[in-house]
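Work through the exercises below with the sequence and the coordinates open. Each task is followed by a solution in steps.

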Amino acid sequence: MALCNTVIPIKSPSGQISYKAQSQDEDALVNAASNLHMVLVSKNGNNAEIHFNRRVVQYEILDVLEFTSDRKRMSVLISDSESGKIFLLSKGADEAILPLAYSGQQIKTFIDAVDKYAQLGLRTLCLAWRELGLQEYLEWSRLFKEANSALIDREWKVAEVCQKLEHTLDILGISAIEDRLQAGVPETIEILRQSGINFWMLTGDKQSTAIQIALLCNLISSEPKGQLLYINGKTEDEVARSLERVLLTMRITSSEPKELAFVVDGWALEIILTRYKEAFTELAVLSKTAICCRVTPSQKAQLVKLLKSCDYRTLAIGDGGNDVRMIQQAHIGVGISGREGLQAARAADYSIGKFRFLKRLILVHGRYSYNRTAFLSQYSFYKSLLICFIQILFSFVSGIAGTSLFNSVSLMAYNVFYTSIPVLTTVLDKDLSERTVTQNPEILLYCQAGRLLNPSTFAGWFGRSLYHAIVVFLITIHVYANEKSEMEELSMVALSGSIWLQAFVVTLEMNSFTFVQFLGIWGNFAAFYIINFGISSIPSAGMYTIMFRLCRQPSYWITMLLISGVGMGPVLALKYFRYTYSPSAINILQKAERSRGPMYTLVNLESQLRLDNNATDSISSMPVKKSSVYEPLLSDSPMASRRSVASSSFDIFQPAQSRVPASYPRNIKAS
Amino acid sequence: MTPGCVITIFLLIGITFVPVGLVCLQASNSVAEIVHRYDIDCVPDAYRRNKQAYIKDSLISKKCIQKVKVQYHMKAPIYVYYELDNFYQNHRRYVKSRSDKQLRHGMKYTDSSCGPLERNNGLPIVPCGLIAWSLFNDTFGFTRGSIGIMVDRKNISWRSDREHKFGKDVYPFNFQNGSLIGGGKLDPDIPLSNQEDLIVWMRAAALPQFRKLYGVIEDDLQADETIDIHITNNYNTYSFGGKKSLVLTTSTWLGGKNDFLGYAYLVTGSASIFLSILFALIHVKIPRPHGDAAYLSWSRKSSN
């Protein structure tokens, strides 16, 4: 235990020895060994020193057969400096070590012990050893050096050579390590599942360990509420049949309130991914939760790819180096920076400190981001379209000659100075407070269905810009007719009208009001006038004195007021009507917030969202898509990913928003 | 966005808009305006069929006298405008065809932005461009019986234009010398900053129907008076189907006669009041419990 690892002991000045390990498991094992008086004191170069109850033993480390996720074990070759004997020490997953035992050894007790520990949710490792003859070692060592320096297929060659050595081992025993869940993991998973995100767990651990951990962290529920379906088998046919059975069960019972989840292990998964991909894809779409054990990093990435191809939006969360491929493959990669080092955190799109921060990331920040992006993009179209439509309308009275109503200075300044700042303040906009969101996580479904940014909301903004352009144009040319119809003045009136309308539009669309937003909108409004006063003071400018002349005319201000009234009246009326009589889920929560009424905690996630007669949402009229169910959510549990020898990494896949707009939970689909 | 708040907003809008509309209407109604179209009437009968030949023939006298009846009493100052219709001063090539630099600083700054009328016979045209070339050149005189009515033709243009846009030492040169006559001629001895008609004309209008100031009458006009207008019908609007009219109008703080603002405000104000009443009625008839989370789709189903 003390030797078979890549741990480096560090001696502190006071004589205390601390260990620097690549994985938590190794760290635990070496510490445990030192607690049992087998202390690894130092490791210099090839020599390791062990103090055992006052006896000092020196060992020379000849070779290290490093851990690979294919072999699922690691070995070291050591030679006792006293006796000169050469030993092979191996440590690894039980199914990687136990089969290599020498024939005749009683491994039943070991198997039982492994099962017992796994049931308790502990991570098991198997330790074994063998003595080598010098000749055997030298021969093997030569092959090993060759393989290590090979330029082609090095990994394969090394694996082959290692295979040659690791056989007829003498099993020493089983170790079990408790890997505690991070604080807040079960609650986080529970709340994210409520919000419509599906979880898959991908781990390198044993099946029983994985199932136990899954039960602990709310991923699956025990009978009778939930049912676990196993996909396993020793041969390809068995696996295929098992898959068929599970698929059938899933299809039939998709309407029952029972929560179904399936479990598949790495070996079976390999077969499935190569031969029965379509069936598995269908299964993936039908199931809300899944546990995949003993998966290799490449399999993790493959699973993410599979789910991506089903049109799901995927999020992968992990904290170890073996999660990097999965994180990069998913749509959103989240890395937990922690005890495993920063590999996952560096490769990820988002890096958080603890698993439970995922809740805030998705529910709070992700949702706000979605709202703000939706508003920002549609508003940008709106303001540009407004100017364009006015120009188009003007061309009808200018002989379709292509005269620009607005002078070039105004046009340039429009997008940059006159309209950009109010919109930038939307980054502060919060439509619901965080407390409300965490109490009602189903609101996330709203985002998933694309309620705020879809063709119908865009059509709404488009129509609004057309209407506003017509209002501004018609009012301007009728008020500023005859003797007032001078080009520069009329152009400035039209521009002012647009700016007034936009200030009101942004105000109306804001859900929350902070001082900065207020300042942004109305400060920008004032800046418009200040800038134009400035330009109007330049004698050589085409606009010389225009703004001053206009502001002295009462008809200018009256026109502005009229434009704002006519333009915003219908918009306000429509918004109010929708808000009060056919409110969307967000509106309901907003009202509840304001009146501080009792908050209902949601029990069952139903989606009568289609009944929310939200006019901006025409999705409800679309037929339910065949494959749109809960989007699986792939996340990685940080507690488990370790670079340990047994490659035990808990990876829970978290699927996120679906790109398919009409997404309804399975329950409703059946009903 | 509570019902109370929104209903109040609409009510307020209505209550402010309706009086404003009434005030605007009243201001517009207090304007007395005479509009007289003369481009058809001023063509002699012989040329009614071929107005273009008439206008282009410089030998035919273009003098024409029109009688106009004053309906309402008009208090001084009375503004005299000439109104053109179907004249697209806002056409892109027309609007571009000028050189502000040249207008300010003189011949040396003639540049190519003046389009087709930059030079003539190798010499630069001052002022260049289509806008200047198409200068309106009808003249109007007014008499009451035998007594003339004074029309003040000074300060009809923007002061900022006179002082900063048109040069005091820039004189017309080689103007309207080409084969195509587009409009009036300019006195080459008067600097541009004093050529008020030109300055007024060069302020391009944005709409195809526009009025430009001709002069100001500082006298009152009594109701039921008949005025004689002595027009020289020089300007050719017959080639493109344009219309020419003469406008005599008083002015208020809101400008000339324009009912649009008044009516628009009235309509908007009443619609707003109507909406507020409608919303109030709906609110009373179909009360919506406000902010009840039980209305959430998901909690609704679960309570079933």
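## Annotated spans in chain A

Over residues 385-406 of chain A, 59% of the chain is helix and 0% is strand, with the end C-alpha atoms 14 Å apart. The model is a predicted one.

**Exercise 1.** Find which residues of chain A carry the UniProt annotation "transmembrane region", and state how much of the span 490-508 of chain A is helix.

*Solution.*
- Step 1. The UniProt entry, which is unreviewed, gives "transmembrane region" for residues 385-406, 461-481, 490-508, 514-535 and 556-577 of chain A.
- Step 2. Take 490-508 of chain A: the span is 100% helix and 0% strand. Its end C-alpha atoms are 27 Å apart.
- Step 3. Set beside this the span 385-406 of chain A, with 59% helix and an end-to-end C-alpha separation of 14 Å.

**Exercise 2.** Do the same for chain B: list the residues under "transmembrane region" and describe the span 6-27 of chain B.

*Solution.*
- Step 1. For chain B, the unreviewed UniProt entry lists residues 6-27 and 260-282 under this annotation.
- Step 2. Residues 6-27 of chain B are 100% helix and 0% strand, and the C-alpha atoms at the ends lie 32 Å apart.
- Step 3. Residues 260-282 of chain B are likewise 100% helix and 0% strand, with 32 Å between the end C-alpha atoms.

## Domains of chain A

**Exercise 3.** Divide chain A into its assigned domains and characterise the interface of domain 1 of chain A and domain 2 of chain A.

*Solution.*
- Step 1. The assignment for chain A gives domain 1 (8-178), domain 2 (185-356) and domain 3 (361-589).
- Step 2. The centres of domain 1 of chain A and domain 2 of chain A, taken over C-alpha atoms, are separated by 31 Å.
- Step 3. In contact are 14 residues of domain 1 of chain A and eleven residues of domain 2 of chain A. The two domains bury about 1000 Å² between them, and 46% of this is on carbon and sulfur atoms.
- Step 4. One salt bridge is found across this interface. In a salt bridge between side chains, Arg123(A) meets Asp205(A) at 3.7 Å, N to O. The cut-off for such a pair is 4 Å, so the distance of 3.7 Å qualifies.
- Step 5. One residue pair is in polar contact between domain 1 of chain A and domain 2 of chain A, both residues at pLDDT 80 or more.
- Step 6. On the side of domain 1 of chain A that touches domain 2 of chain A, the elements giving two or more residues are helix 2 (94-97), helix 3 (108-119) and strand 8 (123-132) of chain A. Helix 3 of chain A gives the most, with three residues.
- Step 7. Sorted by class, that side of domain 1 of chain A has five nonpolar, five polar and four charged residues.

## Domains of chain B

**Exercise 4.** Which three residues supply 91% of the area that domain 1 of chain B buries against domain 2 of chain B?

*Solution.*
- Step 1. Chain B is split into domain 1 (1-31 + 253-286) and domain 2 (32-250). Their centres, over C-alpha atoms, are 41 Å apart.
- Step 2. Four residues of domain 1 of chain B contact four residues of domain 2 of chain B. The area buried between these domains is about 280 Å², with 49% on carbon and sulfur atoms.
- Step 3. Val31(B), Gly256(B) and Lys257(B) supply the 91%, more than any other three residues.
- Step 4. The count of salt bridges between the two domains of chain B is zero, and zero residue pairs are in polar contact, with both residues required to be at pLDDT 80 or more.
- Step 5. The touching side of domain 1 of chain B divides into one nonpolar, two polar and one charged residue.

## Chain B against chain A

**Exercise 5.** Which helix gives the most to the side of chain B that touches chain A?

*Solution.*
- Step 1. The contact involves 58 residues of chain B and 67 residues of chain A.
- Step 2. About 5400 Å² is buried between chain B and chain A, 67% of it on carbon and sulfur atoms.
- Step 3. Two salt bridges are counted between the chains. Arg211(B) forms a salt bridge with Glu483(A), with 3.8 Å between the closest N and O atoms.
- Step 4. The interface also has 17 residue pairs in polar contact, both residues at pLDDT 80 or more.
- Step 5. The elements of chain B that give two or more residues to this side include helix 1 (3-29), strand 9 (210-217) and helix 8 (260-285). Helix 8 of chain B gives the most, with nine residues.
- Step 6. By class, the side of chain B that touches chain A has 33 nonpolar, 16 polar and nine charged residues.

Notes. Residues numbered from 1 in each chain as written. Chains lettered and ligands numbered in written order. Predicted model: local features only at pLDDT ≥ 70, side-chain atom pairs only at ≥ 80, totals over all residues. Heavy atoms only, no water. Domains from an automatic or database assignment. Contact = heavy atoms within 4.5 Å. Buried area = accessible area lost by both parts, 1.4 Å probe. Polar contact = N/O pair within 3.5 Å; in protein donor to acceptor, adjacent residues only side chain to side chain. Helix = DSSP H or I, 4+ residues; strand = E, 2+ residues; numbered from the N terminus. Nonpolar A, V, L, I, M, F, W, Y, C, P; charged D, E, K, R; others polar. UniProt positions renumbered as here; feature names shortened; annotations may be inferred.
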